[in-house]
Amino acid sequence: MKTTIYQQAKIELKEIAKNAKIQFPKDKPAQRMIINDNCYYLAKDYNLSNYQKNLLENYSCKLHPKK
């Protein structure tokens, strides 16, 4: 099964979130900033539609560290 552009962006964002949590284990605002910034850049790099960008932004919220 072929992976869509949105799925590729989602996988990449998940890896970025994982690395951010390893790199800054106690700095939750930094983790959120890295996830959100990369979400924005991935949407631009992959040229996602507004709908796909919105889906990716919603997914990024699920990757944020818990309080």
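# Exercises on a predicted three-helix model

At 40% relative accessibility, Y40 counts as partly exposed, and this value, like every other one below, comes from a predicted model.

**Exercise 1.** Find the class of the aromatic pair that Y40 forms with Y41, using the distance of the ring centres and the angle of the planes.

*Solution.* Begin with the general idea that a pair of aromatic rings is described by the distance of the centres and the angle of the planes. The count of aromatic pairs in this model comes to 1. In that pair the ring centres of Y40 and Y41 lie 5.2 Å apart, and the ring planes stand at 70 degrees. Since planes over 60 degrees apart count as edge-to-face, the pair of Y40 and Y41 is edge-to-face.

**Exercise 2.** Work out how helix α1 runs relative to helix α2, and list the residues through which they touch.

*Solution.* Helix α1 covers residues 5–23, and its axis comes within 9 Å of that of α2, crossing at roughly 160 degrees. Angles over 145 degrees count as roughly antiparallel, and therefore α1 is roughly antiparallel to α2. On the side of α1 the contact is made by A9, E12, L13, I16, A17, A20 and K21, while α2 contributes Q31, I34, I35, N38, C39 and L42. Sorted by class, these residues are 9 nonpolar, 2 polar and 2 charged. As for handedness, the crossing of α1 and α2 is right-handed.

**Exercise 3.** Decide whether Q31, a member of the contact just described, is buried or exposed.

*Solution.* First place the residue: Q31 lies in helix α2. Its relative accessibility is 3%, and because buried means under 20%, Q31 counts as buried. When residues up to four places away in sequence are not counted, Q31 touches A20, K21, F24, P25, K26 and P65.

**Exercise 4.** Determine how α2 and α3 are oriented to each other, and then do the corresponding work for α1 and α3.

*Solution.* Take first α2, which spans residues 28–45, and α3, which spans residues 50–63; their axes come within 10 Å and cross at roughly 160 degrees. These two helices are therefore roughly antiparallel to each other. The residues in contact are I35, N36, C39, L42 and A43 of α2, together with K53, L56, E57, S60 and L63 of α3, and by class they comprise 6 nonpolar, 2 polar and 2 charged residues.

Turn next to α1 and α3, whose axes come within 10 Å and cross at roughly 25 degrees. An angle under 35 degrees counts as roughly parallel, so α1 is roughly parallel to α3. Here the contact is formed by Y6, A9, K10, L13, K14, A17 and K21 of α1 and by Q52, L55, L56, Y59, S60 and L63 of α3. These residues divide into 8 nonpolar, 2 polar and 3 charged. The handedness can be added for each pair: α2 and α3 cross in a right-handed way, and α1 passes α3 in a right-handed crossing.

**Exercise 5.** Describe the surroundings of L48, a residue in the loop between α2 and α3.

*Solution.* Start with accessibility: the relative accessible area of L48 is 10%, so L48 is buried. Then look at its partners, leaving aside neighbours within four places in sequence: L48 is in contact with I5, Y6, A9, A43, K53 and L56. Finally, compare sequence with space for one further residue, L63, which is 15 residues from L48 in sequence and 19 Å away in space, C-alpha to C-alpha.

Note on methods:
Residues numbered from 1 in each chain as written. Predicted model: local features only at pLDDT ≥ 70, side-chain atom pairs only at ≥ 80, totals over all residues. Heavy atoms only, no water. Axes fitted to C-alpha atoms, helices over the stretch in contact; angles between N-to-C directions. Helix = DSSP H or I, 4+ residues; strand = E, 2+ residues; numbered from the N terminus. Parallel < 35°, antiparallel > 145°, perpendicular 65-115°, else oblique. Left-handed = near helix turned anticlockwise from the far one by under 90°. Contact = heavy atoms within 4.5 Å. Nonpolar A, V, L, I, M, F, W, Y, C, P; charged D, E, K, R; others polar. Phe/Tyr/Trp six-rings, centres within 6.5 Å; stacked < 30°, edge-to-face > 60°. Buried < 20%, exposed > 50% of the residue type's maximum accessible area, 1.4 Å probe, protein only.
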